[in-house]
Amino acid sequence: MMTTPTVAVLGLGAMGLPMATRLAEDLPVRGFDINPSRLDLAEGAGIVRCASAVEAVSAADAVLLAVRDSAQLSDVLFGENGIAPSLARGSIVILTSTVGTDGLADVVARLGESDIELVDAPLSGGPARAGAGDLLIVVGATPAARAKAAPILERLASTLTVVGDRPGDGQALKTVNQLLCGVHIAAAAEALALADALGLDTERTLEALGAGAAASFMLANRGPRALQAYDADGAEVLSRLDIFVKDMGIVTKAARAAHLATPLAAAAEQLYLIGEAQGLAAHDDSAVIKVIAPTRRNA
């Protein structure tokens, strides 16, 4: 077990930088990002600035990756400028993204040829929670790989749940989680659109719903932002709508592979796809309310 591992964080964006900063409080951290300004911020937080991803991982025991999808994961590891050949034998790659299980077995096998293990650790929580070590992380990895990752994941998570001994188990559970999150956001938007159409005060409606059996995390969290979606500048973007285009696609693909009907997930997926087609991809995901009701009737 590596008690004080050196960690390479590739990508110092909205989530990568606060995670790297959190880790750097206790561990040696090396960072890389294509944006020099993000490297400046990282350097100011005590993170070793690296000129390339290969340089960052060359002296690391563990690599923390946040990628968009399985294709990007494969490219980062094995592409033309892939880092896999530069990883030390016995090191680990910690995958924090939601990419689904497709192709993961091949990634695990290819890394295994060099005695490198994948720790499947998709996470939930925004930048503020990342910086405070308050993330929710589910893990699928061998016991040996989990032991190596423990000093890193325990620093980042307030809730750390081991769901299985195989990479892919974490992705499977996160897929189930995203089904609920995607449906709940869409349901909250639909409820608030209906309240507005019925002439109700939507702020009071939110307050009343939050005190009863209809309350949910997504209603409380996304509800106010859904109403702000109608403002000139929209709601602050804390989770992009096109992330749920990706995630609900993972959900419905997994369900089809399992020959399981998921009509609510499929309906929610269509709302996010319509929102993306209407130019809302980079808006907060709460803006899905504008797919249901393009304008607010009772501002």
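A salt bridge here is a side-chain nitrogen of Lys or Arg within 4 Å of a carboxyl oxygen of Asp or Glu. The views below come from a predicted model.

**View 1. R129 and D134 form a salt bridge.** The closest N and O atoms of R129 and D134 are 3.4 Å apart. That value falls within 4 Å, so the pair qualifies. R129 is partly exposed, with a relative accessible area of 28%. D134 is partly exposed as well, at 30%. Side chains of opposite charge can pair when their charged atoms come close. By the same rule, the model holds 14 salt bridges.

**View 2. A salt bridge joins R296 to E203.** Their closest N and O atoms lie 3.4 Å apart. The two residues belong to distant parts of the chain, with their positions 93 residues apart. R296 sits in the segment after α13 (289–292). E203 sits in helix α9 (residues 202–210). E203 is partly exposed, and its relative accessible area is 46%. R296 also appears in the cavity lining of View 4.

**View 3. R222 and D285 meet in a buried salt bridge.** The N to O distance is 2.7 Å. This pair, too, links distant parts of the chain, 63 residues apart. Helix α10 (residues 217–228) carries R222. D285 lies in the loop between α12 (263–280) and α13. R222 is buried, and D285 is buried. Elsewhere, salt bridges that share partners make one network of R22, E25, D26 and R155.

**View 4. The model has 1 cavity of 30 Å³ or more.** The volume of the largest cavity is about 30 Å³. Its lining consists of L192, A193, D196, T202, L227, Y230, I289 and R296. By class, 5 of these residues are nonpolar, 1 is polar and 2 are charged. Helix α8 (residues 169–197) gives the most to this lining, with 3 residues. R296, one of the lining residues, is the salt-bridge partner of E203.

**View 5. The second largest pocket holds about 400 Å³ of space.** It is lined by 21 residues. Closest to the pocket centre are T175, I250, V251, K253 and A254. Helices α8 and α11 (241–257) each supply at least two residues of the lining. The largest share comes from α11, which gives 8 residues. By class, the lining divides into 11 nonpolar, 6 polar and 4 charged residues. Helix α8 thus appears in two views: in this pocket lining and in the lining of the largest cavity.

**View 6. Strands β5 and β6 run parallel.** Strand β5 covers residues 92–95. Strand β6 covers residues 117–120. The two are joined by 4 bridges. I92 has E117 in β6 as its bridge partner. From β5, the chain passes through helix α5 (residues 104–112) and on to β6. This β-α-β crossover is right-handed. In a regular strand the side chains alternate between the two faces of the sheet.

Technical notes:
Residues numbered from 1 in each chain as written. Predicted model: local features only at pLDDT ≥ 70, side-chain atom pairs only at ≥ 80, totals over all residues. Heavy atoms only, no water. Pairing = 2+ DSSP bridges. Right-handed = clockwise from strand over helix to strand, strands pointing away. 1 Å grid on protein atoms, 1.4 Å probe; cavity = no way out; pocket = protein on both sides within 12 Å on 5 of 7 lines; lining within 4 Å. Points joined across faces, edges and corners; volume = space filled by probe spheres on them. Nonpolar A, V, L, I, M, F, W, Y, C, P; charged D, E, K, R; others polar. Buried < 20%, exposed > 50% of the residue type's maximum accessible area, 1.4 Å probe, protein only.
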